[in-house]
Amino acid sequence: MTEQHSKRRAGNKASSASGPPRRMAGSGSRAARRRADPSAGKRGLRASKKKLPADPKALAQGVFAHVDPEGIAVGVLKGDDERLKLRVWELLLAYAYGKPAQYVEATGPEGGPIRMVWDIPAPERERAEEDKS
């Protein structure tokens, strides 16, 4: 084996150990290559160098500066996902009219006020003071 040939083989071994084998052009469909390489779909997404605001309201305002929130909400409500439509509808109603107050019945069995009885013994120091007087 010549010196060039042995260097080439050593280089091929090093490159094959550093990552997945390279595919030949035309080997398999594009979808098959995407399934084989799970990071292929994420290549278009890049992390932003900008720091996110700590205030959620500022984050929402920043996003709304770039998109039409009303159009997106209408698009979601016209979509096919019933659960998502219901959740968006509930949020929009809560934003527009406020959350409904929770009604709690606070009457006794005959319609009068509920009588609270606290049957908790007093602390030792308070009982000692009552005994002295």
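Does Glu82 count as buried or exposed, and at what relative accessibility: which description fits this residue? At 54% relative accessibility, Glu82 counts as exposed, because the cut-off for that term is a relative accessible area over 50%. The residue belongs to a predicted model, and the paragraphs below lead from the overall fold to the charged pairs and surface patches in which such residues take part.

The secondary structure of the protein consists of six helices and zero strands. Read from the N terminus on, the order of its elements is therefore written α-α-α-α-α-α. The protein has 133 residues, and 3% of them count as buried. Its accessible surface comes to about 13300 Å², and carbon and sulfur atoms account for 56% of that surface.

Before the details are examined, the confidence of the prediction deserves attention. The mean pLDDT of the protein is 75, and 65% of its residues reach 70 or more. Among the elements, helix H1 (residues 3–18) has the lowest mean pLDDT, at 57, whereas helix H4 (residues 69–77) has the highest, at 93. Where pLDDT is low, the predicted coordinates should not be read in detail.

The next topic is the pairing of charges. Side chains of opposite charge can pair when their charged atoms come close. In this protein the count comes to two salt bridges. One of them joins Lys85 to Glu82, with the closest N and O atoms 3.2 Å apart. Why are Lys85 and Glu82 separated by about one helical turn? The reason is that they stand three residues apart in helix H5 (residues 82–97).

A salt bridge also links the side chains of Arg87 and Glu90, at 4.0 Å from N to O. Because Arg87 and Glu90 are three residues apart in helix H5, about one helical turn separates them. Arg87 is partly exposed, with a relative accessible area of 48%. Glu90 is likewise partly exposed, and its relative accessible area is 39%. Both values lie between the cut-offs of 20% and 50%, so the term "partly exposed" applies to each residue. Arg87 can also be placed relative to Leu77: the two are 10 residues apart in sequence, and their C-alpha atoms are 9.7 Å apart in space.

The surface also carries a nonpolar patch. Which residues form it? They are Leu52, Leu59, Val63, Phe64, Val67 and Ile72, and together they have about 530 Å² of accessible area. Helix H3 (residues 56–64) gives the most to this patch, with three residues. Leu59 lies in helix H3, and it is partly exposed, with a relative accessible area of 35%. A residue must have over 30% relative accessible area to be part of a patch, so Leu59 meets that requirement.

A negative patch is found on the surface as well, formed by Glu126, Glu129, Glu130 and Asp131. Glu130 is located in helix H6 (residues 124–132). With a relative accessible area of 56%, Glu130 is exposed. Because that value is over 30%, Glu130 also satisfies the accessibility cut-off for a patch.

Glu82 and Glu130 may now be set side by side. Glu82 is exposed at 54% relative accessibility and forms a salt bridge with Lys85. Glu130 is exposed at 56% and belongs to the negative surface patch.

Definitions and conventions:
Residues are numbered from 1 along each chain as its sequence is written. This is a predicted model: local features need pLDDT of at least 70, side-chain atom pairs count only at pLDDT 80 or more; totals for chains, interfaces and linings use all residues. Side-chain values use heavy atoms; hydrogens and water are left out. Patches are made of residues with over 30% relative accessible area and no salt bridge: like charges are joined within 9 Å, nonpolar side chains (Val, Leu, Ile, Met, Phe, Trp, Tyr) within 5 Å. Accessible areas come from the Shrake-Rupley method with a 1.4 Å probe; for residues, only the protein chains shown count as cover. Lys and Arg count as positive and Asp and Glu as negative; His and the chain ends are not counted. The place of a charge is taken as NZ of Lys, CZ of Arg, CG of Asp or CD of Glu. Helices (H or I, at least four residues) and strands (E, at least two) are DSSP runs, numbered from the N terminus. Buried means under 20% relative accessible area, exposed over 50%, partly exposed in between (1.4 Å probe, protein chains only). pLDDT is the predictor's confidence in each residue, from 0 to 100.
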